[in-house]
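Could you walk me through this protein as if I were reading a fold for the first time? I would like the general idea of each feature, and then the case at hand.

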Amino acid sequence: MDDLTQQHLQELRRGTVVLASLLTLREPGYGYGLLESLEGIGISVDGNTLYPLLRRLEKQGLLTSEWNTDEARPRKFYRTSAEGDRLAEALLTDWHQIDTALGRLTDGGTR
């Protein structure tokens, strides 16, 4: 795949990872578990991308977090906040509208 295609695919996936993270973290989860969950549904993301994203979403008030020290290694668990849930719903609505519009372009207007 050429560099230009990779660049545009990366731009397309960036927002997808935000939405997928907000939706997945409606149930509490930690970073590595989120990586595995996203990979399991076909959304590939690097840890060097995901962990800064989680910190940014937390700073923006879209995620909450707490440390779980019950296990041998402490883990930071994240959960989508009420504000993050509102944003996820707005993004999902827009995603469906875009998908429908692109479907009309690619299906010859049958959607």
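The dialogue below moves from the overall fold to the helix packing, the core and two single residues.

Q: What kind of model is this, and how many helices and strands does the protein have?
A: This is a predicted model, and its secondary structure comes to four helices and three strands. Reading from the N terminus on, the order of elements is α-β-α-α-β-β-α.

Q: How do I get a feel for the overall dimensions, and what share of the residues is buried?
A: Start with the C-alpha trace, which spans about 55 × 35 × 25 Å along its principal axes. Then look at burial: 26% of the 111 residues count as buried. Sequence separation adds another view. If you take the contacts between residues at least 6 apart in sequence, 45% of them join residues at least 24 apart.

Q: How should I read two packed helices, and at what angle do H1 and H2 cross?
A: Two packed helices are described by the angle between their axes and the distance between the axes. In the case of H1 and H2, the axes come within 11 Å and cross at roughly 110 degrees. Angles of 65 to 115 degrees count as roughly perpendicular, so H1 and H2 are roughly perpendicular to each other. Their crossing is right-handed.

Q: Which residues make that contact between H1 and H2?
A: On the H1 side they are Ala-20, Ser-21 and Thr-24, and on the H2 side Leu-34, Ser-37 and Leu-38. Sorted by class, the contact of H1 with H2 has three nonpolar residues, three polar ones and no charged ones.

Q: Let me try the next pair. Is H2 oblique or perpendicular to H3?
A: Take the numbers before the label: the axes of H2 and H3 come within 10 Å and cross at roughly 120 degrees. That makes H2 oblique to H3. The crossing of H2 and H3 is right-handed. At the contact, Gly-31, Tyr-32, Leu-34 and Leu-35 of H2 meet Gly-47, Leu-50, Tyr-51 and Leu-54 of H3. By class, this contact of H2 with H3 holds six nonpolar residues, two polar and no charged.

Q: Where do I look for the nonpolar core, and which residues have the most contacts inside it?
A: The largest nonpolar core has 19 residues, and those with the most contacts inside it are Leu-22, Leu-50, Leu-54, Leu-57 and Leu-63. The elements that contribute two or more residues to this core are H1 (3–24), H2 (31–40) and H3 (47–59). H1 gives the most, with five residues.

Q: Can we zoom in on one of these leucines: what does Leu-57 touch?
A: Setting aside residues up to four places away in sequence, Leu-57 touches Val-18, Leu-22, Leu-62 and Leu-63.

Q: What about a residue in a loop: is Ser-81 buried or exposed?
A: Ser-81 lies in the loop between strand S3 (75–80) and helix H4 (82–106). The cut-off for buried is under 20% relative accessible area, so Ser-81, at 12%, counts as buried. Beyond four places in sequence, Ser-81 touches Gly-61, Leu-62, Leu-63 and Thr-64.

Q: And for a threonine in a helix, what is the relative accessible area of Thr-16?
A: Thr-16 is in helix H1. With a relative accessible area of 18%, Thr-16 is buried. Leaving aside neighbours within four places in sequence, Thr-16 is in contact with Ile-43 and Trp-95.

Key. Residues are numbered from 1 along each chain as its sequence is written. This is a predicted model: local features need pLDDT of at least 70, side-chain atom pairs count only at pLDDT 80 or more; totals for chains, interfaces and linings use all residues. Side-chain values use heavy atoms; hydrogens and water are left out. A nonpolar core is a set of buried Ala, Val, Leu, Ile, Met, Phe, Trp, Tyr and Cys residues joined through side-chain atoms within 4.5 Å. Buried means under 20% relative accessible area, exposed over 50%, partly exposed in between (1.4 Å probe, protein chains only). Contact means heavy atoms within 4.5 Å. Axes are lines fitted to C-alpha atoms, for helices over the stretch in contact, and angles run from 0 to 180 degrees between N-to-C directions. Angles under 35 degrees count as roughly parallel, over 145 as roughly antiparallel, 65 to 115 as roughly perpendicular and the rest as oblique. A crossing is left-handed if the near helix is turned anticlockwise from the far one by less than a right angle, and right-handed if clockwise. Ala, Val, Leu, Ile, Met, Phe, Trp, Tyr, Cys and Pro count as nonpolar, Asp, Glu, Lys and Arg as charged, and the others, Gly among them, as polar.
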